[in-house]
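Please read this briefing alongside the sequence and the model shown below. It goes through the packing of the chain by topic, for a reader who is new to it.

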Amino acid sequence: MARREARTPPAAPAGRPPRNGALTELHIHGLGAIDDVTLDLDPGLTVVTGETGAGKTMVVTGLSLLFGGRADPGRVRAAGRAGVEGRLALPADSPVWARAADAGAEPDEDGTLILARTVNAEGRSRAHLGGRSVPVGVVSELAEDLLALHGQTDQLRLTRPAEQRRALDRYAGAAQLELVERHRQAHARWRQLAEDLERRRTQTRELAQTAEVLRRGLEEIAAVAPEPDEDTQLDALAARLGDADALRAAADEARLALVGDTTGDLGGADDLPQDAVTALGAGQRALAAAGDPQLRALADRLADVGAVVADIGVELAGYVADLDADPARLAEVMDRRAAITTLVRGYADAGSGVAGVLAWALDAEERLGRLDVSDEALERLQAERDAAREELRALSAQVTAGRTAAADGFAADVGRELAGLAMAAARVSFAVETDPEHPGPEGADEVALLLAAHPGAPARPVHKGASGGELSRVMLAIEVVFAGADPVPVMVFDEVDAGVGGQAAGEIGRRLARLAREHQVVVVTHLAQVAAFADTHLVVDKSADTAAGVTATDIRAVRGEDRVRELARMLSGLTDSDTGQAHARELLQMARSG
């Protein structure tokens with residue numbers, strides 16, 4: 001598809017938008033407990049709080065759905081259709097604009113980009129981008145430059161050694177990731193060559209028989225040597241040769257009617273009917289002799305018609321002269337057509353004709369190259385396999401070197417984050433164990449993130465050596481290390497503070513607020529210490545609509561005393577508790593000063 005030029009969006013609205021853009025509006029309807037809610041989202045840190053079961057997670061679900069996530073029909077309300085719409089304010093140099101233009105999207109009148117996604121109760125969904133219906137995959141692709149979603153699922157994934165290895169590669173940078181991709185391709189090539197060689201060695205007899213069948217077919221086709229589209233041409237030629245007498249009679253009759261017996265080969269009789277050229281000439285001369293200009297104009301047109309008729313007569317004479325009625329030639333054509341028909345029946349798919357025969361021959365030649373079990377072929381294949389293995393060995397060493405070089409720096413960065421999360425005594429490290437003789441697609445290394453939770457404790461794999469709260473903090477530290485370098489404008493954290501409290505909870509809020517200087521950060525949390533750092537505080541309320549027989553969720557922004565009461569509820573479960581409110585005000589003051 002040719003790239004369309006997107007209209008240049010106007011200058012960003014007033015405020016403090018992150019340099020990479022922001023989601024300014026989110027509209028959710030018919031999703032889970034949410035009937036219809038529109039959220040005005042500001043730059044900076046936005047927290048979403050509310051009672052357990054109120055529907056906080058539906059905000060994250062809506063964002064995931066909007067940016068191409070899986071459509072779950074179980075989330076659709078009884079009305080039968082759920083939808084999410086978002087408005088993005090992006091800088092003019094954002095790569096999203098060019099990719100959106102490729103999909104036919106246009107910015108809205110205010111220069112924002114509108115995304116929409118709907119899903120019905122059967123699970124069918126539709127996506128719209130900039131006013132244009134697009135495949136969901138297009139939105140998923142754009143999401144790579146728009147949204148980073150961090151949740152408890154991501155934390156659990158990071159406990160797996162394979163994910164820890166990928167995290168280390170990601171930390172090492174783009175060059176390391178490119179090297180791993182080259183290793184993956186080299187590994188696939190080596191495995192393919194090794195499997196091909198093993199197959200040829202163990203299935204020599206079967207492959208030789210298959211090769212013989214292909215070879216005989218190619219010899220049969222080569223003996224006939226059909227040309228592209230020759231079957232169609234032979235059919236036309238056979239029909240012409242078989243009807244030569246009738247065709248000659250038709251052409252002679254037409255030539256006689258148009259130009260007469262100009263060559264004498266039609267008998268030259270004096271009583272032949274007047275031909276068209278003679279009649280047109282007589283008419284033209286009669287009109288040309290008249291004194292009326294209009295008639296003389298018609299005479300000129302008759303002269304043109306006469307010239308055309310005379311040309312057709314010449315062409316008919318040439319056609320008759322070239323017409324071949326030789327029975328021997330007809331027999332030759334019929335034999336050739338029979339030979340090609342035999343090939344078509346034996347080697348072509350139905351309806352494909354000679355083109356199918358030629359396609360079979362091309363495929364057979366390629367297959368023969370893969371079925372060659374001669375000593376020479378096996379030696380060549382073994383040499384290719386060995387060369388591929390040496391290339392893979394060299395790439396594996398480079399990948400290992402990159403991981404080893406990055407391990408200490410990554411561990412140090414994560415350790416610094418942990419120090420601020422009330423785990424100053426903890427020590428993290430990476431164990432990189434290499435088995436050069438058994439490389440996998442992503443290298444020859446097994447990588448493990450190790451944690452010594454306190455002095456004197458042995459370093460153990462993080463998912464074995466950490467409590468629930470410690471594991472949450474380690475994984476959040478990793479997320480924060482990565483998030484600081486992530487160029488996406490919108491970051492969403494879904495209850496990544498589970499199992500954390502006290503001083504560590506406040507430090508989590510402080511770090512999320514720091515991320516919000518460069519990104520728009522949306523956090524679903526149950527911790528007042530985190531919520532106190534928010535620039536925008538949204539509260540999810542659930543109420544039963546007894547008239548409709550359903551549970552409805554509302555989302556509202558709280559400020560001033562309403563926010564103090566919400567923080568007091570989160571702290572003590574009591575919105576009107578003087579002690580809880582005093583503590584809430586203290587938290588807000590601490591967050592402002594921090």
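Which residues of the largest nonpolar core touch the most other members? They are Phe-410, Ile-478 and Phe-493, in a core of 58 residues. This is a predicted model, in which local features need pLDDT of at least 70 and side-chain atom pairs count only at pLDDT 80 or more, while totals for chains, interfaces and linings use all residues. Residues are numbered from 1 along each chain as its sequence is written, and side-chain values use heavy atoms, with hydrogens and water left out.

**Nonpolar cores**

- A nonpolar core is here a set of buried Ala, Val, Leu, Ile, Met, Phe, Trp, Tyr and Cys residues joined through side-chain atoms within 4.5 Å, where buried means under 20% relative accessible area, exposed means over 50% and partly exposed lies in between (1.4 Å probe, protein chains only).
- In the largest core, helix 16 (residues 468-483) supplies the largest share, namely nine residues; helices (H or I, at least four residues) and strands (E, at least two) are DSSP runs, numbered from the N terminus.
- Separate from it is a second core of 45 residues, whose members include Ile-34, Met-58, Val-492 and Val-540.
- Once its neighbours within four places in sequence are set aside, Ile-478 is in contact (heavy atoms within 4.5 Å) with Leu-158, Phe-410, Val-414 and Leu-449.
- As general background, nonpolar side chains in soluble globular proteins tend to be buried together.

**Aromatic pairs and charges over rings**

- The structure holds three aromatic pairs, a pair being two rings of Phe, Tyr or Trp (its six-membered ring) with centres within 6.5 Å, counted as stacked if the planes are under 30 degrees apart, edge-to-face if over 60 and tilted for the rest.
- Tyr-171 and Phe-410 form a stacked pair, with 4.6 Å from centre to centre and 15° between the planes.
- Because Tyr-171 lies in helix 5 (residues 161-172) and Phe-410 in helix 14 (residues 375-419), this pair ties together parts that are 239 residues apart in sequence.
- Of these two residues, Tyr-171 is partly exposed at a relative accessible area of 26%, whereas Phe-410 is buried at 0%.
- The rings of Tyr-347 and Trp-360 also have their centres 4.6 Å apart, but their planes lie at 45°, so this pair is tilted.
- The tilted pair links distant parts of the chain, with Tyr-347 in helix 12 (residues 327-347) and Trp-360 in helix 13 (residues 353-371), 13 residues apart.
- Tyr-347 counts as buried at 18% relative accessibility, while Trp-360 counts as partly exposed at 21%.
- Ring pairs also link Tyr-171, Phe-410 and Phe-430 into a cluster.
- Over the face of Trp-190 lie Arg-191, at 5.4 Å from the ring centre, and Arg-389, at 5.1 Å; a charge sits over a ring if NZ of Lys or CZ of Arg is within 6 Å of the ring centre and within 35 degrees of the ring normal.

**Helix 7 against helix 13**

- The axes of helix 7 (residues 204-224) and helix 13 come within 9 Å and cross at roughly 145°; axes are lines fitted to C-alpha atoms, for helices over the stretch in contact, and angles run from 0 to 180 degrees between N-to-C directions.
- Among the residues that make this contact are Leu-207, Leu-214 and Ile-221 of helix 7 and Val-357, Trp-360 and Leu-368 of helix 13.

**A buried strand residue**

- Thr-46, found in strand 3 (residues 45-50), counts as buried at 1% relative accessibility.
- Apart from its neighbours within four places in sequence, Thr-46 is in contact with Leu-41, Val-521, Val-522, Val-523, Thr-536 and Leu-538.

**The loop between helix 7 and helix 8**

- Ala-225 lies in the loop between helix 7 and helix 8 (230-242), and has a positive phi of about 55° although it is not a glycine.
- Asp-229 lies in the loop between helix 7 and helix 8, and has a positive phi of about 65° although it is not a glycine.
- For comparison, most residues other than glycine have a negative phi.
- Ala-225 counts as partly exposed at 41% relative accessibility, and Asp-229 is partly exposed with a relative accessible area of 43%.
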